[in-house]
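The exercises below are to be worked with the sequence and the coordinates side by side. Each begins with a task and continues with a solution in steps.

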Amino acid sequence: MDFDHNHLRLYFIAGTQDVVGDTSLKDILTEALEAGITMFQYREKGPGSLTGDDKVDQAQVLKQLCHQYDVPFVVNDDVELAKAIGADGIHVGQDDAEVAQFAAQFEGEIIGLSVGNVEEYQQSDLSHVDYIGVGPMFATISKADAAAPVGPPMIPELRQYVQDLPIVGIGGITTENYDQVLEAGADGISVISAITRSENVTKTVQKFLQK
């Protein structure tokens, strides 16, 4: 699936570990897709996450679901899984596999990289990268190892270096503060708990898409 910066408009990220209560990740994703999310990243990582065949099986189901809505399905960090199931792309962080090591395997597919600040930009090879995820924008509960918030001002600061490379803001984004990220110049926003913990996923997604 060809990448377009508009895919970043509302980028939903989630794994089993992010789901609370009796609902399932598939149910949440289905409602989010119907409401209009534009890309999905399968991030199965941390306490409560699936492993082995269970992880592969769920990834297959969620990928097929995304494709029913023509929404790209991206895998977080796991190069082997992404290739095995034919994911539309992969997203890695600064501490994950170096992009240059796997870029050839993802030719024509989506590659995203987390870049939290100028120092990380300076040590990153963006030659094979389609977009960068910048954050945390605000304090977040979804990642126990999240760095201190860099805030929306980091977006225009990095924009000076990356020029027109698409940027998606991530970390602690809610329906109350997402507009600050878009107004700072991000191509879109990525959220986890704002959707997985929402009492009404459809309304939440529609709110995010208002601007």
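**Exercise 1. The faces of a strand**

Which residues of strand β3 (residues 73-76) are buried on one side, and which on the other?

Solution. Before starting, note that this is a predicted model, in which local features need pLDDT of at least 70 and side-chain atom pairs count only at pLDDT 80 or more, while totals for chains, interfaces and linings use all residues. Residues are numbered from 1 along each chain as its sequence is written, and side-chain values use heavy atoms, with hydrogens and water left out.

Step one is to fix the terms: helices (H or I, at least four residues) and strands (E, at least two) are DSSP runs numbered from the N terminus, and a residue is buried under 20% relative accessible area, exposed over 50% and partly exposed in between, with a 1.4 Å probe and protein chains only. Step two recalls that in a regular strand the side chains alternate between the two faces of the sheet. Step three assigns the residues: Phe73 and Val75 are buried on one side of β3, and Val74 and Asn76 are buried on the other, which leaves both faces covered.

**Exercise 2. From strand to strand**

Trace the pairing of β3, β2, β1 and β8, and describe how β1 is covered.

Solution. Two strands pair if DSSP finds at least two bridges between them. Start at β3, which runs parallel to strand β2 (residues 39-42) and is joined to it by 3 bridges; here Tyr42 stands opposite Val75. Next, β2 pairs with β1 in the parallel sense over 4 bridges, and Met39 in β2 is the bridge partner of Tyr11. Finally, β1 and β8 pair over 3 bridges, again in the parallel sense, with Phe12 opposite Val191.

As for cover, 5 of the 5 residues of β1 (residues 10-14) are buried: Leu10, Phe12 and Ala14 on one side, Tyr11 and Ile13 on the other.

**Exercise 3. A glycine in β8**

Is Gly188 buried or exposed, and with which residues distant in sequence is Gly188 in contact?

Solution. Gly188 lies in strand β8 (residues 188-191) and is buried, its relative accessible area being 0%. Contact means heavy atoms within 4.5 Å. With neighbours within four places in sequence left aside, Gly188 is in contact with Leu8, Arg9, Ile167, Val168, Gly169, Val181 and Leu182. Thr38 is 150 residues from Gly188 in sequence, yet the C-alpha to C-alpha separation is 9.7 Å.

**Exercise 4. The buried sides of two helices**

Find the buried residues of helices α1 and α6, and explain how they are arranged around each axis.

Solution. An α-helix has 3.6 residues a turn, so residues three or four places apart point the same way. In α1 (residues 25-35) the buried residues are Leu25, Ile28, Leu29, Ala32, Leu33 and Ala35. They line one face of α1, because they fall within an arc of 160° seen down the axis, the arc being that of the directions from the helix axis to the C-beta atoms. Their cover includes β1, β2, α2, α8 (193-196) and α9 (201-208). Gly36, which follows α1, has a positive phi near 125°.

In α6 (residues 154-162), Met154, Ile155, Leu158 and Val162 are buried. These residues lie on the same side of α6 because they cover an arc of only 90° around the axis. Among the elements that cover them are α5 (118-122), β6 (131-134), β7 (167-170) and α7 (178-183). Just after α6, Gln163 takes a positive phi of about 55°.

**Exercise 5. Backbone geometry in the loops**

Where do Asp70, Asp77 and Pro136 lie, and what is notable in their backbone?

Solution. Most residues other than glycine have a negative phi, and most peptide bonds are trans. Asp70, in the loop between α2 (52-68) and β3, has a positive phi near 55° and is exposed at 60% relative accessibility. Asp77, in the loop between β3 and α3 (79-85), has a positive phi near 70° and is partly exposed, with a relative accessible area of 24%. Pro136 belongs to the loop between β6 and α6, and the peptide bond from Gly135 to Pro136 is cis, with omega near 5°.
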